[in-house]
Amino acid sequence: MVLFRKPEEAEFSMVTDHGLRRPSNVEAMQHQHRKSVSNKGLTGASALTVRQSIFPITLVTILFFLWGFAYGLLDVLNAKFQNSLGITAAKAGGLQGAYFGAYLIGPPTYSGWIVRKFGYRWTFIAGLSIYGVGALMFWPSAVYRSFGGFCGSLFIVGSGLSTLETSANPFIATCGPPRLSEFRLELSQSFQAIGSVVAPLLASRVFFKETDDADLSNVQWTYLGIAAFVFLLAVVFYFAPIPEVTDADMALQAEQSSGLTGYMDKPLKKQYKLFFGVIAQFCYVGAQVGVAAQFIKYSVESAKISDAAGSDRYAIGQGLFAIGRFAAAGLMMVVKPRWVLLVFMTGVMIFIAAAMGIQGEGGVAMLSLVLFFESCVFPTIFTLSIRGLGRHTKRGSSWIVAAVSGGALFPALTGLAADHMDYHRAMCVPLIGFFVAFAFPIYLNTVCAKELDGFRESKIGYQDEDGLAMGDVKHEERRVSIMHEEKGVLPTEKENAY
């Protein structure tokens with residue numbers, strides 16, 4: 001960004017972009033680009049209001065539900081394939097490896113490139129298309145009863161969903177007033193949690209009700225329906241009014257907030273908060289998936305109940321997870337997100353340690369509370385990590401999404417520990433992951449507090465007494481015009497001077 005020597009030059013720069021008038025937020029909503037948008041150009045979307053952002057955020061929230069639905073089906077399909085194909089539990093774990101392994105490859109390579117090169121709209125469409133192809137691939141995999149085919153299909157589905165997350169997470173975080181960034185993503189991801197709860201219930205009561213263990217026909221039809229839906233959704237996203245928020249817009253927004261945040265443009269290699277966030281996210285997601293993968297077996301061992309009863313306990317835990325996300329979203333309206341993250345991570349640490357030492361239903365209850373406190377961690381780490389990245393926002397976001405690949409590592413390590421010890425002591429593996437992630441909110445609350453609180457106090461995207469969005473070019477033009485009138489200089493005279 002350019003630093004100006006004179007205050008007058010700084011004032012004029014706020015309404016221009018390389019000598020041209022900056023687009024306004026109204027223009028950002030009116031010119032919904034179906035072609036690719038330069039990531040280095042301003043679109044006017046840096047100062048979108050709450051009202052302008054409601055529809056596109058609602059549409060993208062549907063994607064979070066889809067992600068949660070696919071994730072919720074994973075464990076059910078794992079068990080179904082294991083019974084139907086007569087494979088071992090270790091081999092069935094390859095499904096999780098295929099799904100989460102896609103996150104390691106996509107976001108830092110092709111997914112990240114697509115979102116930077118073509119923008120959010122085309123990344124949504126690409127992700128949905130890949131997801132749809134993966135869903136279609138389940139049909140021949142089921143016909144030939146090929147476990148390798150199922151793994152390959154799930155890898156393609158994971159590739160599509162990771163591409164969607166590479167665009168959906170930063171889009172929700174940046175589409176609207178910056179002070180509500182954490183709230184928006186937390187609320188949208190709450191519907192992902194609902195999808196994770198709904199999917200197993202539908203699977204057990206609709207998709208696989210009264211079917212033989214060897215019958216995979218319902219799997220075929222289920223994924224055929226999903227494929228049709230996501231291809232239709234890709235068409236909807238082509239025509240939907242989705243504003244494009246570029247890295248240039250985020251750089252402008254960060255500069256406008258610099259008086260509150262102390263923002264200074266830095267090269268990517270010096271974005272230490274981002275790097276710490278990637279590590280924390282990798283360890284957290286791995287630990288979360290490790291707990292989820294072993295929850296039922298833990299319940300059977302601890303409470304001496306059946307697998308079916310353990311599944312019921314897990315459903316309760318998932319319900320608590322969904323409730324926790326909505327609760328955290330509400331808290332973020334009145335409490336600083338960095339504090340919310342610290343409190344919830346503290347709860348995770350306390351109850352995972354308690355779950356290791358308590359037997360019976362009490363142990364199951366402790367592990368269920370771990371799921372409750374896990375609820376807000378992923379989206380809050382994401383939004384706080386990309387705060388102040390400016391021109392590096394999209395690249396940094398793709399790295400944090402890639403950290404979801406931790407889910408391919410920790411479940412295997414947790415299962416290996418359970419084979420050599422028991423499921424209670426095996427929770428030491430997720431505990432280690434949570435411990436690393438716990439260091440991140442401590443870092444945020446001690447080192448990055450001023451920066452994060454500055455964005456929290458920003459009024460960009462909120463309307464002033466004249467009904468103009470603060471931070472928008474029309475607001476800046478009005479402010480500069482008033483200053484010129486006070487000095488007795490007409491705006492046109494000022495512009496001619498440049």
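Visitor: Which residue, with a positive phi, follows helix 7?

Guide: The model is predicted, with local features needing pLDDT (the predictor's confidence in each residue, from 0 to 100) of at least 70 and side-chain atom pairs pLDDT 80 or more, while totals for chains, interfaces and linings use all residues. Residues are numbered from 1 along each chain as its sequence is written, and side-chain values use heavy atoms, without hydrogens and water. After helix 7 (helices are DSSP runs of H or I, at least four residues, numbered from the N terminus), a positive phi, near 50°, belongs to arginine 145.

Visitor: How far apart are the end C-alpha atoms of helix 7?

Guide: Helix 7 covers residues 120-143, which is 24 residues. At 1.5 Å a residue (times one less than the number of residues), the helix should span 34 Å. In agreement with this, the end C-alpha atoms of helix 7 lie apart by 36 Å.

Visitor: Is helix 7 roughly parallel or antiparallel to helix 8?

Guide: The axes (lines fitted to C-alpha atoms over the stretch in contact, with angles from 0 to 180 degrees between N-to-C directions) of helix 7 and helix 8, residues 147-174, come within 8 Å and cross at roughly 160°. Angles over 145 degrees count as roughly antiparallel. Helix 7 and helix 8 are therefore roughly antiparallel.

Visitor: How many nonpolar residues does the contact of helix 7 with helix 8 have?

Guide: The contact of helix 7 with helix 8 has 11 polar residues and no charged ones. Ala, Val, Leu, Ile, Met, Phe, Trp, Tyr, Cys and Pro count as nonpolar, and their number here is 19.

Visitor: What pLDDT does the protein chain average?

Guide: At least 70 is the score of 86% of the residues. The chain averages a pLDDT of 84.

Terms used. Helices (H or I, at least four residues) and strands (E, at least two) are DSSP runs, numbered from the N terminus. Angles under 35 degrees count as roughly parallel, over 145 as roughly antiparallel, 65 to 115 as roughly perpendicular and the rest as oblique.
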